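Work through the exercises below with the sequence and the model side by side, and try each task before reading its solution.

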Amino acid sequence: MSASMNENPLRVLVVGCGNMGASHAIAYQLSDGFEICGIVSTGKSKEVLNEKLGGGYTLFSDYETALKETKPDAVCISTYPDTHESFAIQALQSGAHVFIEKPLAASVEGAKRVVAAAKEAGKKVVVGYILRHHPSWERFVKEAQNIGKPLVMRMNLNQQSHGYMWTVHRNLMKSLSPIVDCGVHYIDVMCQMTRSKPIRVNAIGARLTEDIPEGNYNYGQLQIWFEDGSVGWYEAGWGPMISETAFFVKDVIGPKGSVSIVAKDAGGTGKSSSVEAHTKTESIRVHHAALNDKDEFVQEDIWINLQDEPDHQELCNREQAYFLKAVKEDIDLTDHLQDAVTSLQIAFACDESVHNGGKTIDLV
């Protein structure tokens with residue numbers, strides 16, 4: 001890589017200006033390593049974001065035009081999932097690196113095509129697995145690896161959405177279900193915890209509103225079996241009818257004990273559709289199963305309160321710092337992309353199971 005490449009900021013084209021797109025754009029503006037060369041959206045959100053950033057950026061309604069006119073070094077894709085594949089491949093073929101929100105594509109085959117295009121172009125693709133950049137989630141994964149095998153992993157993220165968030169969710173459900181869109185994060189966490197091959201899945205789902213396309217569902221629950229005997233479930237529901245009673249369960253059990261994320265404040269009433277609350281961990285509770293000769297616990301539960309508790313924006317800043325590092329230091333992202341394809345493959349197999357009445361789907 002040339003010396004000038006290391007000195008000059010990466011010129012980045014921001015595509016999609018919703019929740020995530022806006023946060024990534026702020027991260028670029030805060031970093032000396034990036035320079036925004038254009039902002040793209042089909043609607044008014046680009047004007048809103050431009051104003052939020054202090055104005056002066058070139059705005060585009062058409063992605064292809066923006067790509068041709070700005071000739072960016074990198075493209076940040078935070079649009080709806082059905083555009084991910086084509087936008088990423090066009091960016092790679094134009095010679096740009098890509099940061100892309102999960103899921104990598106709207107199908108497993110599409111995700112594989114993006115990976116192949118990155119390899120062919122010799123460019124970096126970083127997928128927005130935000131929890132991989134969170135110190136508490138990294139610690140959660142690490143602690144889970146200390147409690148023996150097999151693991152029982154229990155996770156959910158139910159969102160009682162209304163107003164703006166219900167609009168976002170309805171739009172997402174034009175192309176994906178909640179267990180695919182959100183599930184890829186937690187499936188990825190489960191895969192990191194076990195580092196074992198997922199072998200089969202099954203899932204259930206229900207369509208609780210006429211507001212979404214026929215054939216899709218706004219509540220789903222999936223189950224995964226791993227080769228090492230570990231099992232996991234994940235549950236996600238979106239909409240104004242969803243209960244907030246148990247929207248935040250993040251729990252892992254093994255032969256030697258259990259590890260749980262306990263979000264006392266983020267788990268409060270009215271927080272389930274808050275993006276800020278989704279990444280908050282607050283405390284990790286580690287429980288040891290060891291008993292003495294009277295069958296009493298040998299050790300009290302340990303509470304880990306990490307001082308480094310980044311908010312949503314800071315997590316996006318860290319994601320983009322990693323993207324910059326991957327480009328500048330030529331980090332090998334083979335495993336990163338393989339993990340993204342695997343988690344998507346599992347999520348879509350779960351989707352297939354829902355559409356087939358909960359039938360078990362073999363992955364191997």
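A pocket is defined on a 1 Å grid over the protein atoms alone, as an open set of points where a 1.4 Å probe fits, with protein on both sides within 12 Å along at least five of seven lines, and its lining residues have an atom within 4 Å of a point. Grid points are joined across faces, edges and corners, and a volume is the space filled by probe spheres set on the points. This is a predicted model, in which local features need pLDDT of at least 70 and side-chain atom pairs count only at pLDDT 80 or more, while totals for chains, interfaces and linings use all residues. Residues are numbered from 1 along each chain as its sequence is written, and side-chain values use heavy atoms, with hydrogens and water left out.

**Exercise 1.** Describe the second largest pocket by its volume and its lining.

Step one: the volume of this pocket is about 290 Å³. Step two: its lining is made up of 16 residues, and V115, K119, L333, T334 and L337 lie nearest the centre.

**Exercise 2.** Determine which residues of helix α3 are buried (under 20% relative accessible area, 1.4 Å probe, protein chains only) and which on the other side are exposed (over 50%).

Step one: in α3, which spans residues 45–52, K46, L49 and N50 are buried. Step two: these buried residues fall within an arc of 105° when seen down the helix axis, so they line one face of α3; the arc is that of the directions from the axis to the C-beta atoms. Step three: V48, E51 and K52 are exposed on the other side of α3. Step four: just after α3, G54 takes a positive phi of about 100°.

How values were computed: Helices (H or I, at least four residues) and strands (E, at least two) are DSSP runs, numbered from the N terminus.
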